[in-house]
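Subject: Structure handover

Hello,

Here is the structure I promised to pass on. Please open it first, then read the notes below alongside it.

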There are 2 protein chains.
Amino acid sequence: MSRWQPDARPRLETAALELFAEQGFAATTVPQIAARAGLTTRTFFRHFADKREVIFAGDEYPEFAARLIAEAPLSLDPMTLVVEGLRSVADTFEERRERIRGLRRIIRSDEGLRERELRKRAALCEAIRDGFIDRGVAPSLAALVAETGVSLLHVSIETWLEEDDGRTLYAVVLDTLGSLRTVLAPTNGGKCDPGSAGG
Amino acid sequence: MSRWQPDARPRLETAALELFAEQGFAATTVPQIAARAGLTTRTFFRHFADKREVIFAGDEYPEFAARLIAEAPLSLDPMTLVVEGLRSVADTFEERRERIRGLRRIIRSDEGLRERELRKRAALCEAIRDGFIDRGVAPSLAALVAETGVSLLHVSIETWLEEDDGRTLYAVVLDTLGSLRTVLAPTNGGKCDPGSAGG
């Protein structure tokens, strides 16, 4: 009865994002999305649990981060590993700039979607932290590295979308990391002296 | 009819936190809280909009941060200002360690409270970012400083509660800042060279 539609998923995604942009996320229904895509609601539910899933599906970053950290050589220091992970993630963003820009606009327009994004971000942070704790990193350092990595990613995505100056997302990540080092340098001459942070 | 109860608010807080700890946040009702405090529900609602407010009331950090940033001398660099703000906040935490520990336990036990905490954290981040943008800091740098400040605060609170080794929260903040500098130092010999972050 329902023959296999190999392109159903991207068609549903395109239809959903168009409708969210045109009439808002809250006002858009699954039957409308399916109709716009020329498919049935049943096909929709074969691909997505609900309309929110169209926005968030595929973002398996916590699992990705956990695997990357678990499989990395123990000799790698945490921050090198985080930057390596950011590079892998950034590469997958490169082809999808316009789509990601559209998604962000939709997410910002809806309080429920914004909450879901914050929860996702917290889940990624916890996955990274737990991954480092499993490698023997002290919990407070593991949390710090996780927070820093997730902050770098988010600020970099924002900059990459806003400034749109030809840099790849990974180049923006590296520049942002450079800015973070600069801004954190103790003001007494800009030396990088970790010992200066004592009581 | 209802005479003024000068200690009503702390009594309601104590009663609420006891009940949340004993029987869970979701199972606790406002009438129960009022009864435990020996007050009426009407008195409760004179102090708090709902039971969640008992947990989150008084945390006016976004307003505090916005004011601090707006009033600071323009000569202060962003990170110095953030650390200054963290010191002010940390000082207010010092006397309340056990209460904050109890609150965190309750917040973690309830998905809705965790979401509210994430939203509060995002609001603080935005207030700091916007404050720096108003001072002429580039948006991407403002966002980075805001994220870093909020991360430092959260990781430090966590460490301060977990390790409980006699350090003040502000001492933990400074130690965490030192750790962040160390972990971010480029691995090629530990030099602090912002230029090393190019594409």
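Start at the contact between the chains: α10(A) passes α9(B) in a right-handed crossing. Bear in mind throughout that this is a predicted model.

**Between the chains**

The two helices in that crossing are α10 of chain A, residues 169-184, and α9 of chain B, residues 139-163. They pack at an angle of about 65 degrees. Their axes are 10 Å apart. From α10(A), the residues in contact are A:Thr176, A:Ser179, A:Leu180, A:Val183 and A:Leu184. They meet B:Leu141, B:Leu144, B:Val145 and B:Thr148 of α9(B). Sorted by class, this contact of α10(A) with α9(B) has 6 nonpolar and 3 polar residues, and no charged ones.

How are the two chains related? Chain B superposes on chain A after a rotation of 180 degrees, with 0.0 Å of shift along the axis. The RMSD is 0.1 Å. The copies are therefore related as by a two-fold rotation axis. The interface fits that picture: 100% of the interface residues of chain B are also interface residues in chain A, so the copies meet through the same surface.

A:Arg119 is a residue to look at here. It is found in helix α8 of chain A. Leaving aside residues up to four places away in sequence, A:Arg119 touches A:Arg52 in its own chain, and B:Glu111, B:Glu115 and B:Leu118 in the other. A:Arg119 has a relative accessible area of 25%, so it counts as partly exposed. For a sense of distance, A:Arg119 and A:Leu76 are 29 Å apart in space, C-alpha to C-alpha, and 43 residues apart in sequence.

**Chain A as a whole**

Chain A has 10 helices and 0 strands. Along the sequence, the pattern reads α-α-α-α-α-α-α-α-α-α. The C-alpha trace spans about 70 × 35 × 30 Å along its principal axes. Chain A has 199 residues, and 48% of them count as buried. Take the contacts in chain A with a separation of 6 or more: residues 24 or more positions apart account for 63% of them.

**Helix packing inside chain A**

Two pairs are worth a look, and α9(A) is in both.

The first pair is α8(A), residues 111-134, with α9(A), residues 139-163. These helices pack at an angle of about 140 degrees, and their axes are 8 Å apart. That angle makes α8(A) oblique to α9(A). The crossing is right-handed. On the α8(A) side, the contact includes A:Leu124, A:Cys125, A:Ile128 and A:Phe132. On the α9(A) side, it includes A:Ala142, A:Val145, A:Val150 and A:Leu153. By class, the contact of α8(A) with α9(A) has 12 nonpolar, 2 polar and 3 charged residues.

The second pair is α7(A), residues 97-108, with α9(A). Here the angle is about 110 degrees and the axes are 11 Å apart. So α7(A) is roughly perpendicular to α9(A). α7(A) contributes A:Arg97, A:Ile100, A:Arg101, A:Arg104 and A:Arg108. α9(A) contributes A:Ile157, A:Glu158, A:Trp160 and A:Leu161. The class count for α7(A) with α9(A) is 4 nonpolar, no polar and 5 charged residues.

**Loops**

Which loop holds A:Ala26? A:Ala26 is in the one between α1 (8-23) and α2 (30-37) of chain A. Its relative accessible area is 65%, so A:Ala26 is exposed. Not counting residues up to four places away in sequence, A:Ala26 touches A:Lys51 and A:Asp110. A:Ala26 and A:Leu124 are 98 residues apart in sequence and 26 Å apart in space, C-alpha to C-alpha.

Finally, check the backbone at A:Asp164. Most residues other than glycine have a negative phi. A:Asp164 is not a glycine, yet it has a positive phi of about 45 degrees. A:Asp164 is in the loop between α9 and α10 of chain A. With a relative accessible area of 42%, A:Asp164 is partly exposed. B:Asp164 also has a positive phi of about 45 degrees. B:Asp164 lies in the loop between α9 and α10 of chain B. B:Asp164 is partly exposed, with a relative accessible area of 43%.

Best wishes

Methods. Residues numbered from 1 in each chain as written. Chains lettered and ligands numbered in written order. Predicted model: local features only at pLDDT ≥ 70, side-chain atom pairs only at ≥ 80, totals over all residues. Heavy atoms only, no water. Axes fitted to C-alpha atoms, helices over the stretch in contact; angles between N-to-C directions. Helix = DSSP H or I, 4+ residues; strand = E, 2+ residues; numbered from the N terminus. Parallel < 35°, antiparallel > 145°, perpendicular 65-115°, else oblique. Left-handed = near helix turned anticlockwise from the far one by under 90°. Contact = heavy atoms within 4.5 Å. Nonpolar A, V, L, I, M, F, W, Y, C, P; charged D, E, K, R; others polar. Least-squares fit on C-alpha atoms with pLDDT ≥ 70 in both. Buried < 20%, exposed > 50% of the residue type's maximum accessible area, 1.4 Å probe, protein only.
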